Amino acid sequence: MTQQVAPIGDEDRRERYVLRSVFEGINFAKEALYPNRTSGVGRSTGLDALGATYALLGDPINPWVVNLYDLSGAIEVPDRLMFLSSGTNLPNAFVVELDPPFYHVGTAGVSRAVEGASVRESLRKTIDRLFVTAEGEHFEDGMESNLTIGLATVLRQYPREAFGILKAELSVRRLSLRILIEVLHFLGRFKGRGTADEQFGVVTAYLYHTSPVIRDAAAVALAYMRDKRAIPVLEKVIASEKVNSLREDMKVVLAELKM
Amino acid sequence: MTVVLEFFEPPLPPTHMATVLRKLDRKQLWNKKPEGDLASWLQEGELPADALQDIKTDSNRLSVFLIDDGSPATLERVIGALAVKRQYLAKFDYVLFNPALLAELGIEWEATLGDTLDVAVNACHRDLVKLTAIKLADFGTSLVRKGNVERKSDREAGRCINDSIQAKFIDVAKVPIQIVQQMVERGIQ
């Protein structure tokens, strides 16, 4: 069966850009070539009546689903995995479809493990693609980016798994400073389900980064979080901060947190 | 749509007090004296190349706001108008500089209407025009040397928005709901 988790009728065009680029690995220019395609439940809205009906009902259209039907007789599994979008400031208006999972016939425990591994692998690929796409993005304070929309989407739907992967990516990946700034600001203002402590931990760790630009981004993120646990941390960091202008900006954050 | 009001605005007389605001994103790249990891290779008064991303041109133009002594558009009012255009409440980095700097660099500007929610702020919008790569780099370097780089925190930016709403410079009905929500969360309204 298909799990339909959200309507896609009123989805925003920009969100579709994000999804298509991330999940289909194509660049934004292709939007002009395939203006009617979506990455929603039915994959396409410019189809004939039957296709459109399938799209609305969430009935599978992808060929791989047929194989799944052959295999899934004894195992109750969804035939596709989707993310419901709820970006930081965006309506729940679009669906992210993960790579088709591959299921093995076997015991329920084994199949669940395989399914979990498949989700994690899909999440890892998704986050990887978000970072690849981000390399060509221009980021601006106060504006959502494709990166933040995508991260919010996966973190809303699979908070624990996605945050674990994001954290791992941050530790091993050589991100440019501007992407790292965008991620830190995002972590500061993202209201996740059950990941607040981890977000706080990641952000505060970057207060000790070698680059003052990143330390600044971490302090700004703490200001966005408005978490009073940051007060003693900031007091300690301010005492050792050598960059004068940054120290002054951190003091402003500290003062606001104490209010 | 951009409306060109006039094609060239002569430099202001030296006695006239005015300042120009340009929005930035990464204040720490604009320090007069390089600090931290930049200090090991950047000379005082030099602009790190990454900072050019904060003065990214479009059609060889760069958007600035002229804050004139007699103008109703104060610094806070300009910041409020720019901050409310965003999708969420965020810190606001900017640089202030003397308009005479533009004449020194041979940079022309045009008065064009801004597209904020505040009419008076729109009127003080200017486009720096006919920018070449060299002029842009010189402009950035001059900003580092002669400009004043400042920041309003997200809360302060929210207060600027609120002041403009209270004074009816900005129509509250047009303020994005996310911004309103965030202002309420921060106790600004």
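This passage describes helix H7 of chain A, the contact between chains A and B, and the packing of helices H10 and H11 of chain A. The model is predicted; local features require pLDDT of at least 70 and side-chain atom pairs count only at pLDDT 80 or more, whereas totals for chains, interfaces and linings use all residues. Residues are numbered from 1 along each chain as its sequence is written, and chains are lettered from A and ligands numbered from 1 in the order in which they are written.

Helix H7 of chain A (residues 177–189) comprises 13 residues and spans 19 Å from its first C-alpha to its last, close to the expected 18 Å (1.5 Å times one less than the number of residues). Helices are DSSP runs of H or I of at least four residues, numbered from the N terminus. Of the 13 residues of H7(A), 10 are buried (20 or more other C-beta atoms within 10 Å of the residue's own, with C-beta atoms placed from the backbone); among them are Leu180(A), Phe186(A) and Arg189(A). The covering elements include H5, H6, H8 and H9 of chain A.

The contact between the chains (C-beta atoms within 7 Å) takes 26 residues from chain A and 22 residues from chain B. H7, H9 and H11 of chain A each supply at least two residues of the chain A side.

H10(A) (residues 230–240) and H11(A) pack at about 160°, with axes 10 Å apart. H10(A) is therefore roughly antiparallel to H11(A) (angles over 145 degrees). Residues of this contact include Leu234(A) of H10(A) and Leu254(A) of H11(A).

Technical notes: Buried ≥ 20, exposed ≤ 12 C-beta atoms within 10 Å, placed from the backbone. Contact = placed C-beta atoms within 7 Å. Axes fitted to C-alpha atoms, helices over the stretch in contact; angles between N-to-C directions. Parallel < 35°, antiparallel > 145°, perpendicular 65-115°, else oblique.
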